[in-house]
Amino acid sequence: MSESLVETKRRIRTIQSTAKITKAMKLVASVKFQKWKKIFDDDEAYRLAMHDVMVRTLQSIPPRDYMHQDCLRTFNDTKNLYIVVTSSLGLCGSYNYNIFKMLDPVLKPDDELLLVGQKGYLHYKDGPYKLILDYLNLLDDLTYQNVKKMRHFVVRKYRAGGYQSVTLVYTIFKNSLTVVPTIKRMLPFDLEHYHLDENVPDYKPIFDPNAGEVLRLILPHYLDASFYNKFLMSEVSEQSSRRNAMETATDSANDLTDKLRIIYNKSRQENITQEITEVIAGATASKKQYD
């Protein structure tokens, strides 16, 4: 019985130590979440402004005047390039698993993957796909300039006619409890929805030197803003997932500790009761011997 008590007590101490670690990791993830959420919220205003400029420009130009742009053209090829944004660290629940679950059935053997995050590399390194690792650690230093360099790299490859499309695989942050893996085509640029459900201003914008030239200049910047915004959203989603996973692990550890304490106290009470019974039985036997 005493060995059982020692083993139970040892398990309680081990689980309590684990709970301290997961609680500390939750606090770290919470701080990072707040940091990236603020950066994302601040960036959203810029993205919306760029979106508004794009809409106003496109509404001022007939489609025949801008469809010659490289990032709006569809090249005749069968393979696609997927930019896959995953985490580099673990302990973030099903964050990476949900991305792979969504993407794996879509991939074809001749597709190429530009991986951002170590978990994506570990998942696809033994697969049939060609991997591009130039920006594997992009999230370690996520800045607008670094994202712009990646966009230049991707557009150059796309202009060479190597891909049918360039698609970004990232995670949308809905709220603190919900993140959704998403696949979005980035090239050729999808302009269909820009002519729908948009409020046309009462005035006609003035373009200098002309709307076509303005569109040519702002398209790359709009792509930069879109990529950066979605990378930020993935970072926010990762930290939110990690915080939730560590909170769940801490709660589970505390629940298990409470159950083990009940078992420990019950076993200890049984042990004390048995010892008292043995003492009483010994005293009774001794009394009978002397009577």
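**Surface.** I started with the exposed area of this predicted model. The chain exposes about 16600 Å². Carbon and sulfur atoms supply 54% of that area. I then looked up burial. Of the chain's 291 residues, 41% count as buried.

**Fold.** Next I went through the secondary structure. I found five helices and five strands. I read their order along the sequence as α-β-α-β-α-β-α-β-β-α. The pattern opens with a helix and ends with a helix. Two strands follow one another just before that last helix.

**Contacts.** I asked what share of the contacts reaches far along the sequence. I took contacts between residues at least 6 apart, and 74% of them join residues at least 24 apart.

**Aromatic pairs.** How many aromatic pairs does the whole structure hold? My search gave seven. I followed up two of them, beginning with Phe33 and Phe173.

**Phe33 and Phe173.** Their rings sit 5.6 Å apart, centre to centre. The planes make an angle of 55°, and the pair is tilted. Tilted fits, because 55° falls between the limits of 30 degrees for stacked and 60 for edge-to-face. I checked where the two residues lie. Phe33 is in helix α1, which covers residues 2–58. Phe173 is in strand β4, residues 166–175. The two are 140 residues apart in sequence, so this pair ties together distant parts.

Are these two rings' residues buried or exposed? Phe33 has 4% relative accessibility and counts as buried. Phe173 has 14% and counts as buried too. The reason is the cut-off: buried means under 20%.

**Tyr46 and Tyr144.** I turned to the tyrosines next. Tyr46 and Tyr144 form an edge-to-face pair. I noted 6.2 Å centre to centre and 80° between the planes. Tyr46 lies in helix α1, and Tyr144 in helix α4, residues 144–159. They are 98 residues apart, and the pair links distant parts of the chain.

I looked up their accessibility as well. Tyr46 is partly exposed, at 36% relative accessible area. Tyr144 is at 22% and also counts as partly exposed.

Which residues join Tyr46 in a cluster of ring pairs? I found Tyr144 and Tyr228.

**Back to Phe33.** One more entry on this ring. I checked for a charge over it and found Arg243. The charged end of Arg243 sits over the Phe33 ring, 4.4 Å from the ring centre. My note on Phe33 now reads: buried, paired with Phe173, and under the charged end of Arg243.

Notes: Residues numbered from 1 in each chain as written. Predicted model: local features only at pLDDT ≥ 70, side-chain atom pairs only at ≥ 80, totals over all residues. Heavy atoms only, no water. Helix = DSSP H or I, 4+ residues; strand = E, 2+ residues; numbered from the N terminus. Buried < 20%, exposed > 50% of the residue type's maximum accessible area, 1.4 Å probe, protein only. Contact = heavy atoms within 4.5 Å. Areas by Shrake-Rupley, 256 points an atom, 1.4 Å probe, with all protein chains shown as cover. Phe/Tyr/Trp six-rings, centres within 6.5 Å; stacked < 30°, edge-to-face > 60°. Lys NZ or Arg CZ within 6 Å of the ring centre and 35° of its normal.
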